[in-house]
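Dear colleague,

I am passing on the structure below so that you can look through it at your own pace. After it you will find my notes on what turned up, which you may like to read with the structure open beside them.

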Amino acid sequence: MEYRGVSFAYRNRRAADPGESRLALENVSLRVAAGQRLGILGPNGGGKSTLLKLTLGLLDAHEGEIRIFGRAPREARRERLVGYVPQRVEAELSFPITARQVVEMSATVGLPAWRGIDASTREHCRSMIELVDAAAFADAPVGRLSGGQLQRIMIARALAARPRVLLLDEPTVGIDVSGQKRFADLLVRLHDALGLTILVVSHDIRTVASGCDMIACLSRTLHAHVAPEGLTPGVLADVFRHDVAAIFGELHVHAHPADACPLPHGRGSG
Amino acid sequence: MNTFSYLTDPSIRGLYWPGVLTGIAIALLCAPLSVLVVLKRLAFIGQGISHAAFGGVGLAAVLGLFGASGTLAAGAFGAGLSESAAGLLQFVIITAFCVGAAVLVGAMSGRGTRADTAIGIVLVASMALGAVLFHRARANTSWESILFGSILNVGFADVLRAAIIGGAGLLALWWGRRAVLFWAFDEPAALAFGVRTTAAKYLVLTLLAIATVAAMKLAGVVLATALLVLPGATALQLSARLARVMVLSVLVALVGVVGGLVVSFELNAQAGACIVLCLVAQFAAALLAGTLATRAAAPSPGASA
């Protein structure tokens, strides 16, 4: 996957000058090789969701371009290359369907109306449910699942479409530390079993540190892009400092003006 | 035993059979739609769409498409049209208003206005327009027959229309079932999964509109939406499996229409109102049964959020 100089601004309708707009992403360039796991870390409002929407082809970049296995995001969405696990489940959980039906729903998107779901698709859905350890509750009504179970079903739903990239939006919000550990293990398992390219977006450094082998820090601009030599303690400390700088802006810069690591400009000095 | 004589006496059965057949055709289309309406919380949209018919009724009145006998399809006077042509034109105009309202609500709610606000605006706008036009036309039609419907409004042309609408509507719903289901279940995620959510939304809104129009002569503007809410709401009390819910909702709709018509024949009461009361009675029974079943099963409160 490749992002080349991607910029995006939301039009501000309330501004006095209609041309005035808020830059959400500025000149973001990023390369993720096939099969890599990238964590994108950044504060709220730092452009993480915007980057996801651009990747999913729900928004179009104003400048620059995004390529997913050589395709533009909208095309990739049509070909269902990108599996997506949303941050909050906004589904109507009162729906009278089972967890398995939710997973199969995704596998049959785009199937002609006159064709039923075939045995191999059903089998694929079953194996994805097993992969995320959801077999025990696969036939329960979706409204009866706990938050953690629902998340695993949402991951199985994303995988059922046989994507090559998996996008996870804030996957550990509201999950305790032991749950985060289980989630990190799950991510490793998925990666090993399917060889997926995985993008995890989070504001929580533990989430991206535990399941990824690359981290990028995003606060409007991509100000730290850790090379894929692995997450050593030194790299993590670096990332943590970048994260703090992104949150507190110049405050941190003023506190440690002579720091050896040249700190990225925060939003205030941008 | 009015029912038997109404439906068999050769001199009057022609008045009642169209209503019965139309009711059955509408029930078959409305039942699966009502499940979606309840799950996707479209009940208020359905109300808005049906009330938008007033605008169409007003326009039809101004064009002289209402007859002196005061029923919706009594034929043209002043326009020189045959009765069936006037009826068709009336149907087309009212359908255009309802589908227009559905599309307008869909478009407005996609552009920052909340859906319920959009409905509130479209509903009153069309009703006000209808009231003004209707008054200007000085039509001999009674408000009551438009509001609450009448089985005597329904002719054989309406049966044909209801059958075509029912058949085509069910076919369209079946054709788009996967996209519609994904859209209804999880609209924010559906788009990211490559589901054509806009098409699914407008398909359902359009089907709601034409089903409402088809039900309107029998049940009236106010009661037409009952069939678009109650069968689904009742069925969802009784089962948590989608296939079973669909079958149950068809049964509830058919029992409601047939039972309601029998009651209306026996009591000489309005058909639409009796159908609605019959549907409500079924819902109340299902609610009671559901409550008793949960009490008996476990003391834990339902944990569905």
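Chain B of this predicted model has 14 helices and 0 strands, so its pattern, read along the sequence, is α-α-α-α-α-α-α-α-α-α-α-α-α-α. The radius of gyration of chain B is 20 Å, close to the 19 Å that the globule rule gives for 305 residues, and chain B is therefore as compact as a globular protein of that length. Along its principal axes, the C-alpha trace of chain B spans about 65 × 50 × 30 Å, and buried residues account for 51% of the 305 residues in the chain. If you take the contacts in chain B between residues at least 6 apart in sequence, 74% of them join residues at least 24 apart.

In chain A, I looked at strand β3, which covers residues 37–41. Because 5 of its 5 residues are buried, β3(A) is largely enclosed by the rest of the structure. This holds for both of its faces, since A:Arg37, A:Gly39 and A:Leu41 are buried on one side, while A:Leu38 and A:Ile40 are buried on the other.

Which strands are joined to β3(A) by bridges? One of them is β7(A), residues 197–202, which runs parallel to β3(A) and is joined to it by 5 bridges; here A:Leu41 has A:Ser202 as its bridge partner. Another is β8(A), residues 214–219, also parallel to β3(A) and joined to it by 4 bridges, with A:Ile215 as the bridge partner of A:Gly39.

With best wishes

Methods
Residues are numbered from 1 along each chain as its sequence is written. Chains are lettered from A and ligands numbered from 1 in the order in which they are written. This is a predicted model: local features need pLDDT of at least 70, side-chain atom pairs count only at pLDDT 80 or more; totals for chains, interfaces and linings use all residues. A residue is buried if 20 or more other C-beta atoms lie within 10 Å of its own, exposed if 12 or fewer, and partly exposed in between; C-beta atoms are placed from the backbone. Helices (H or I, at least four residues) and strands (E, at least two) are DSSP runs, numbered from the N terminus. Two strands pair if DSSP finds at least two bridges between them. The radius of gyration is taken over C-alpha atoms; the globule rule is 2.2 Å times the number of residues to the power 0.38. Two residues are in contact if their C-beta atoms, placed from the backbone, lie within 7 Å.
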